[in-house]
Amino acid sequence: MERVIIFLVLLITTTITAQNKAEMDVKKSIDTFFEGFHKGDTLLMKSVMYNNMLTQTTYKDREGKGKLVTDDVEKMIQTIANRPADQKWEERLLDYNIQIDGTMAHVWTPYEFWVNH
């Protein structure tokens, strides 16, 4: 019985460690993306982006109706690459809620977006 308990503890510890490493890798990718975003370095951003990535934005319009806008990532890249030199954009990520299922990660990050602050 003692061997079974030791085996289970080792199995759980190994699983938790693997999940933590995977979560840290995902967080590092997000941090790298936003480092590039803040610097206007689109090559750094692309280094952690999926080739056919889409960007989606959700918001409520003036009438309170929910909207979902899907754009090609190149539009975002061009906007960042052509940002005026006198504009400073800062996206402050307030938290990371990382969920991983096999080879796919889903991350919710509440944030604040500041311009010239």
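How much area does the protein chain expose, and what share of it do carbon and sulfur atoms supply? In this predicted model, the exposed area comes to about 9500 Å², and carbon and sulfur atoms supply 56% of that surface. Of the 117 residues in the protein chain, 16% are buried.

The secondary structure consists of three helices and six strands. Followed along the sequence, these elements appear in the order α-α-β-β-α-β-β-β-β. Contacts across the sequence add to this outline: among those between residues at least 6 apart, 43% join residues at least 24 apart.

A convenient place to begin a tour of the model is the largest pocket, whose volume is about 1700 Å³. Its lining consists of 35 residues, and the closest to the pocket centre are F34, M53, T55, Q56 and T109. Several elements contribute to this lining, with at least two residues each from α1 (2-39), β1, β2 (66-72), α3 (73-81), β3 (89-93), β5 (104-108) and β6. Helix α1 provides the largest share of the lining, namely seven residues.

T55, one of the residues closest to the centre of the largest pocket, deserves a second look. This threonine sits in strand β1, which covers residues 54-60. Is T55 buried or exposed? Its relative accessible area is 16%, and because buried means under 20%, T55 counts as buried. Leaving aside residues up to four places away in sequence, T55 touches V69, T70, D71, D72, V73 and M76.

One of these contacts of T55, D71, also takes part in a salt bridge. Its partner is K75, and the closest N and O atoms of the two are 3.7 Å apart. D71 is partly exposed at 25% relative accessible area, whereas K75, at 52%, is exposed.

The structure holds eight salt bridges. In another of them, K46 pairs with E74, with 3.6 Å between the closest N and O atoms. This pair links distant parts of the chain, as K46 belongs to helix α2 (residues 42-46) and E74 to helix α3, 28 residues apart. Both ends of the bridge are partly exposed: K46 has a relative accessible area of 37%, and E74 has one of 34%.

Strands β3 and β6 provide a further example. Here E112 forms a salt bridge with R92, the closest N and O atoms being 3.9 Å apart. E112 lies in strand β6 and R92 in strand β3, so the bridge ties together parts of the chain that are 20 residues apart in sequence. The relative accessible area is 33% for E112, which is partly exposed, and 28% for R92, also partly exposed. Which residues are linked with R92 in a network of salt bridges? The network joins R92 with E90 and E112.

E90 itself is found in strand β3. With a relative accessibility of 22%, E90 counts as partly exposed. Apart from residues up to four places away in sequence, the contacts of E90 are H38, E112, F113 and W114. For one of these, F113, the C-alpha atoms show how a separation along the chain translates into space: E90 and F113 are 23 residues apart in sequence, yet 5.8 Å apart from C-alpha to C-alpha.

F113 leads on to the surface of the model. Together with Y111 and V115, F113 forms a nonpolar patch there, and the three residues have about 310 Å² of accessible area together. Y111 is part of strand β6, which runs over residues 111-115. At 49% relative accessibility, Y111 counts as partly exposed, because the exposed class means over 50%.

Beyond this strand comes a backbone feature worth noting. N116, in the segment after β6, has a phi near 50°, a positive value in a residue other than glycine. Most residues other than glycine have a negative phi. N116 is partly exposed, with a relative accessible area of 47%.

Definitions and conventions: Residues are numbered from 1 along each chain as its sequence is written. This is a predicted model: local features need pLDDT of at least 70, side-chain atom pairs count only at pLDDT 80 or more; totals for chains, interfaces and linings use all residues. Side-chain values use heavy atoms; hydrogens and water are left out. Patches are made of residues with over 30% relative accessible area and no salt bridge: like charges are joined within 9 Å, nonpolar side chains (Val, Leu, Ile, Met, Phe, Trp, Tyr) within 5 Å. Accessible areas come from the Shrake-Rupley method with a 1.4 Å probe; for residues, only the protein chains shown count as cover. A salt bridge is a side-chain nitrogen of Lys or Arg within 4 Å of a carboxyl oxygen of Asp or Glu. Helices (H or I, at least four residues) and strands (E, at least two) are DSSP runs, numbered from the N terminus. Buried means under 20% relative accessible area, exposed over 50%, partly exposed in between (1.4 Å probe, protein chains only). Contact means heavy atoms within 4.5 Å. On a 1 Å grid over the protein atoms alone, a cavity is a set of points where a 1.4 Å probe fits but cannot get out, and a pocket is an open set with protein on both sides within 12 Å along at least five of seven lines; lining residues have an atom within 4 Å of a point. Grid points are joined across faces, edges and corners, and a volume is the space filled by probe spheres set on the points.
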